[in-house]
Number of protein chains: 2
Amino acid sequence: MWAAGARQPRRAGLALAAAAAAAALALALAAWRRRRRPPVREVLFFPSRPSCTEALLGEAAGLGTTARPCPCPLPRVDSSLSRLLRHLLSARRSLEICLFAFSSPQLGRAVQLLHRRGVRVRVVTDAQYMGLPGSQIGLLRHAGIQVRHDQENGYMHHKFAVVDRRMLITGSLNWTTQAIQNNRENVLVVEDAEYVKPFLDEFERIWEEYNPINYRFFSKDDK
Amino acid sequence: MWAAGARQPRRAGLALAAAAAAAALALALAAWRRRRRPPVREVLFFPSRPSCTEALLGEAAGLGTTARPCPCPLPRVDSSLSRLLRHLLSARRSLEICLFAFSSPQLGRAVQLLHRRGVRVRVVTDAQYMGLPGSQIGLLRHAGIQVRHDQENGYMHHKFAVVDRRMLITGSLNWTTQAIQNNRENVLVVEDAEYVKPFLDEFERIWEEYNPINYRFFSKDDK
């Protein structure tokens, strides 16, 4: 009995080690593949060509081909929005988002999906815009995603994200349906470390500055 | 008399040819120097450290050391604004500007200065913001700079400039005093052709689309 009892935890330990080794191998393989291909250097312009992104989001959610095809009349074509979504959904470990305004339902779903997939998502946003109707910020917080905001007079006007500490997504585009569908906007997607690192450092600076322990709460009695 | 009269235009012609050769040599030397140095790859963050930019603008205007020192109490230090101004003032031939909002007096002065220096300046902006109090657009037009604007429902929300068709200045920053002094903003300054070319193409597309021959003018009688 004692010998049999000891074998079971040992087997479980071996299975755990094998799973960890397989995960490490998959990560190393992905990193090797990334090193083999040239760094991403892409410029996206908006307004985005109208396109249905349901298949893309369904696939990323693991629904694959079992999902019912979307009944909407939009064409299933490549567009600036679908390319932006694809880059975002390539996240495996971490996603830092620093956005003035965030109300796009598609981009909101993508971020929630990454959070559920175990990606460490952190969001910084502007206090004056996060509570507006249609904002995704409340939904992200409700889903358990960490969000921090400013308490300043100026705007937190950045519009950037960093995927897996290697890919910078930045430009003039706020992640809103108005901007995606109607505005003239640009987004740069770059993997050059010379551009990624300063933005990561800026994110960490702001993240610490906007730590809730520094928030000031005023009561009505305060002058 | 005839021989002496012919010599004078010949001398003038020689002087003109020498001046043209000297100008061509200076341009070639500048291009050679640019090729020798690595491409600019800089990230600027805002709000900018307060700094006096009078000396920088005075120098660019050719006043040199003869200008009276500025009596303002701001330190004469390197800042994000001074670096942005320096990159802008490096223009020798052309400057394309595509800006949602433009009200910074310092950046306005720099653009006017380049125009006076013979740089071909073209500006694209948003119709709804160009007439707001403090906008530089009226002043630029008054100075003879070509400006075109949208007539769309969406915003012309870009915030980029291209210097001498080689340097891209782009980011979240509108060229306003509020944004420079109070907001969290970013500006990328890059000389990689992979990023510069798509932005130049986008500028030319918008420039043609916003050609005044396409403007629609409504009278009060129109329904």
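Chain B and chain A each bring 35 residues to their contact (heavy atoms within 4.5 Å). This is a predicted model, where local features need pLDDT of at least 70 and side-chain atom pairs count only at pLDDT 80 or more, while totals for chains, interfaces and linings use all residues. Residues are numbered from 1 along each chain as its sequence is written, chains are lettered from A in the order in which they are written, and side-chain values use heavy atoms, without hydrogens and water.

**The interface**
- About 2,900 Å² is buried between chain B and chain A (accessible area lost on being put together, 1.4 Å probe, summed over both), and carbon and sulfur atoms give 55% of that area.
- R41(B), R184(B) and Y195(B) supply 29% of what chain B buries against chain A, more than any other three residues.
- Eight salt bridges cross the interface (side-chain nitrogen of Lys or Arg within 4 Å of a carboxyl oxygen of Asp or Glu).
- One of them links R184(A) to E209(B), at 2.6 Å from N to O.
- 100% of the interface residues of chain B are also interface residues in chain A, so the copies meet through the same surface.

**The sheet of chain B**
- Seven strands (DSSP E runs of at least two residues, numbered from the N terminus) form an open, mixed sheet in the order β1-β7-β6-β5-β2-β3-β4; strands pair if DSSP finds at least two bridges between them.
- β1 (41-46) and β4 (146-149) of chain B are the edge strands, each with a single partner, so one side of each lacks a neighbour in the sheet.
- β1(B) runs antiparallel to β7(B) (residues 185-190), joined by six bridges, and R41(B) stands opposite V190(B).

Methods
Helices (H or I, at least four residues) and strands (E, at least two) are DSSP runs, numbered from the N terminus. Buried area is the accessible area (1.4 Å probe) that two parts lose on being put together, summed over both.
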